[in-house]
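I opened this notebook to record what I looked up in the structure shown below. The entries are kept short and follow the order in which I consulted the model.

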Amino acid sequence: MFKREETGAAPGRDEGSVSATLVGQGTSFNGVLRVNGSLRVEGEVEGEVTVSQQVIVGTGGVIKADVRADGATIGGRVRGRVQ
């Protein structure tokens with residue numbers, strides 16, 4: 001009755017899709033953060049950040065790390081290098 005095609009992709013995702021990750025207000029993260037897609041920071045991130053697309057730091061966001069990304073929009077604070 002129902003037939004599912006096997007594509008190798010996760011259910012509900014297109015094969016070429018990437019994720020958007022949010023570190024929300026009141027949330028803190030310490031460590032190595034690698035995102036395949038975009039990242040929005042409204043909370044605090046400390047450590048190392050690598051993003052395949054855009055990193056967006058909201059007005060209340062704080063990143064204490066070196067950041068590698070395809071592009072950046074910074075409304076908050078970044079203590080570290082942005083490449």
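**Entry 1. Starting point: R81.** I began with R81, which counts as exposed because its relative accessibility is 54%, above the 50% cut-off. I note here that I am working from a predicted model. I then looked for the charged partner of R81 and found D66, with the two side chains meeting in a salt bridge at 3.6 Å, N to O. D66 belongs to strand β6 while R81 sits in the segment after β8, so this pair ties together parts that are 15 residues apart in sequence. D66 itself counts as partly exposed, at 38% relative accessibility.

**Entry 2. Other salt bridges.** How many salt bridges does the count give? The count comes to three. As background, side chains of opposite charge can pair when their charged atoms come close. Besides the pair of Entry 1, I recorded K64 with E44, whose side chains meet at 3.5 Å, N to O. This pair links distant parts of the chain, since K64 is in strand β6 and E44 in strand β4, 20 residues apart. K64 is partly exposed with a relative accessible area of 29%, and E44 is likewise partly exposed at 27%. I also recorded R40 with E42, where the closest N and O atoms are 2.7 Å apart. R40 has a relative accessible area of 36% and is partly exposed; E42 is partly exposed as well, at 21%.

**Entry 3. Overall make-up.** I next reviewed the secondary structure, which comes to zero helices and eight strands. From the N terminus on, the elements run β-β-β-β-β-β-β-β. The protein has 83 residues, of which 25% count as buried. About 5900 Å² is exposed, and carbon and sulfur atoms supply 45% of that area. I also checked the contacts with a separation of 6 or more: residues 24 or more positions apart account for 1% of them.

**Entry 4. The sheet.** In what order do the strands of the four-stranded open sheet stand? I read the order as β2-β4-β6-β8, with parallel pairing. β2 and β8 (77-78) stand at the edges with a single partner strand each, so one side of each is left without a neighbour in the sheet. I looked at one of these edges and found that β6 and β8 pair in the parallel sense over two bridges. Across this pairing, I63 stands opposite V78 in β8.

**Entry 5. The nonpolar core.** I turned to the largest nonpolar core, which has 14 residues. Those with the most contacts inside this core are L39, V45, V49, V51, V55, I63 and V67. The elements that give two or more residues to the core are β2 (28-35), β3 (37-41), β4, β5 (54-57) and β6 (62-68). As a general point, nonpolar side chains tend to be buried together in soluble globular proteins. I followed I63 further: leaving out residues up to four places away in sequence, I63 touches V41, V45, V49, V55, V57, R77, V78 and R79.

**Entry 6. V62.** Is V62 buried or exposed? V62 is buried, because its relative accessible area is 8%, under the 20% cut-off. V62 is found in strand β6. With residues up to four places away in sequence not counted, V62 touches V41, G43, E44, V45, V57 and R77. E44, one of these, is the salt-bridge partner of K64 noted in Entry 2. I also looked up V62 against E42: they are 20 residues apart along the chain, and their C-alpha atoms are separated by 7.3 Å.

**Entry 7. E46.** My last residue was E46, placed in strand β4 (residues 44-51). At 34% relative accessibility, E46 counts as partly exposed. Which residues does E46 contact, leaving aside neighbours within four places in sequence? I listed F29, N30, G31 and K64. For N30, I noted a C-alpha to C-alpha distance of 4.7 Å from E46, across 16 residues in sequence. K64 thus appears twice in these entries, in contact with E46 and in a salt bridge with E44.

Key. Residues are numbered from 1 along each chain as its sequence is written. This is a predicted model: local features need pLDDT of at least 70, side-chain atom pairs count only at pLDDT 80 or more; totals for chains, interfaces and linings use all residues. Side-chain values use heavy atoms; hydrogens and water are left out. Buried means under 20% relative accessible area, exposed over 50%, partly exposed in between (1.4 Å probe, protein chains only). Contact means heavy atoms within 4.5 Å. A nonpolar core is a set of buried Ala, Val, Leu, Ile, Met, Phe, Trp, Tyr and Cys residues joined through side-chain atoms within 4.5 Å. Two strands pair if DSSP finds at least two bridges between them. A salt bridge is a side-chain nitrogen of Lys or Arg within 4 Å of a carboxyl oxygen of Asp or Glu. Accessible areas come from the Shrake-Rupley method with a 1.4 Å probe; for residues, only the protein chains shown count as cover.
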